[in-house]
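Work through the exercises below with the model open beside you. Try each task before you read its solution.

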Amino acid sequence: MGPSGTEGIFTRSAEATTAVLRDNANALLTILSAVVSDPLYKWNVSPVKARQCQMSDEERQVIVEDDISRELGSTPMDENENDAASRAIAKIHEKLQGYEDGTSGEQQSVEGQVQLLINSARDPDNLCALYFGWCPWL
């Protein structure tokens with residue numbers, strides 16, 4: 001972060017970015033809601049689908065044969081497939097208004113929200129959950 005750490009230009013840039021995002025929240029949410037309405041886009045992957053993507057071709061063939069041998073009843077589709085997308089949009093809307101987790105429902109100023117996010121990013125409990133392959137210590 002340089003000689004000033006997170007207290008210098010990084011914090012000022014984050015505050016400016018947050019202010020711009022808050023000022024243009026309606027436009028951002030409109031664009032995101034258009035993505036939610038797209039029926040071709042899936043916001044989440046079921047555990048079964050994730051497992052299938054990780055299997056080899058031989059394993060997939062065995063599962064397909066097992067599925068064919070089972071009864072042909074189909075599972076009902078969810079009425080709202082993009083429910084996870086709607087929750088994500090609601091969470092983004094809250095963040096754009098200045099509400100963060102752990103603030104007891106208090107609306108934060110731009111400066112307060114940025115400082116809260118920086119403190120959360122520097123928290124050792126969060127740092128220990130980093131993806132190992134990223135190797136931030138190198």
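Four exercises follow, each with a worked solution, and the model they use is a predicted one.

**Exercise 1. The whole chain**

Task: Find how many helices and strands the protein chain has, and what pattern they follow along the sequence.

Solution:
- Count the elements. The protein chain has seven helices and zero strands.
- Read them in order. The pattern along the sequence is α-α-α-α-α-α-α.
- Turn to burial. Of the 138 residues in the protein chain, 17% are buried.
- Look at the surface. The accessible surface of the protein chain is about 10,900 Å², and carbon and sulfur atoms account for 57% of it.
- Check the contacts. Take those in the protein chain between residues at least 6 apart in sequence: 60% of them link residues at least 24 apart.

**Exercise 2. Two helices that meet**

Task: Describe how helix α1 and helix α6 cross, and decide which class their angle belongs to.

Solution:
- Recall what is needed. A pair of packed helices is described by the distance between the axes and the angle between them.
- Locate the pair. Helix α1 covers residues 9–23, and helix α6 covers residues 110–122.
- Take the two values. The axes come within 9 Å and cross at roughly 120°.
- Classify the angle. Roughly perpendicular runs from 65 to 115 degrees, and roughly antiparallel starts over 145. The crossing angle fits neither class, so α1 is oblique to α6.
- Add the handedness. The crossing of α1 past α6 is right-handed.
- List the contact residues. From α1 come F10, T11, A14, E15, T18, A19 and R22. From α6 come V110, E111, Q113, V114 and I118.
- Sort them. The contact of α1 with α6 has six nonpolar, three polar and three charged residues.

**Exercise 3. A residue in the contact**

Task: Is T11 buried or exposed?

Solution:
- Place the residue. T11 sits in helix α1, and T11 is one of the residues that helix brings to the contact with α6.
- Compare with the cut-off. Buried means under 20% relative accessible area. T11 has 3% relative accessibility, so T11 is buried.
- Name the neighbours. Leaving out residues up to four places away in sequence, T11 touches T6, V114 and I118.

**Exercise 4. A residue in the last listed helix**

Task: Which accessibility class does L127 belong to?

Solution:
- Place the residue. L127 lies in helix α7, residues 124–127.
- Apply the cut-offs. Partly exposed lies between 20% and 50%. L127 has 42% relative accessibility, so L127 is partly exposed.
- Name the neighbours. Leaving out residues up to four places away in sequence, L127 touches A121 and R122.

How values were computed
Residues numbered from 1 in each chain as written. Predicted model: local features only at pLDDT ≥ 70, side-chain atom pairs only at ≥ 80, totals over all residues. Heavy atoms only, no water. Axes fitted to C-alpha atoms, helices over the stretch in contact; angles between N-to-C directions. Helix = DSSP H or I, 4+ residues; strand = E, 2+ residues; numbered from the N terminus. Parallel < 35°, antiparallel > 145°, perpendicular 65-115°, else oblique. Left-handed = near helix turned anticlockwise from the far one by under 90°. Contact = heavy atoms within 4.5 Å. Nonpolar A, V, L, I, M, F, W, Y, C, P; charged D, E, K, R; others polar. Buried < 20%, exposed > 50% of the residue type's maximum accessible area, 1.4 Å probe, protein only. Areas by Shrake-Rupley, 256 points an atom, 1.4 Å probe, with all protein chains shown as cover.
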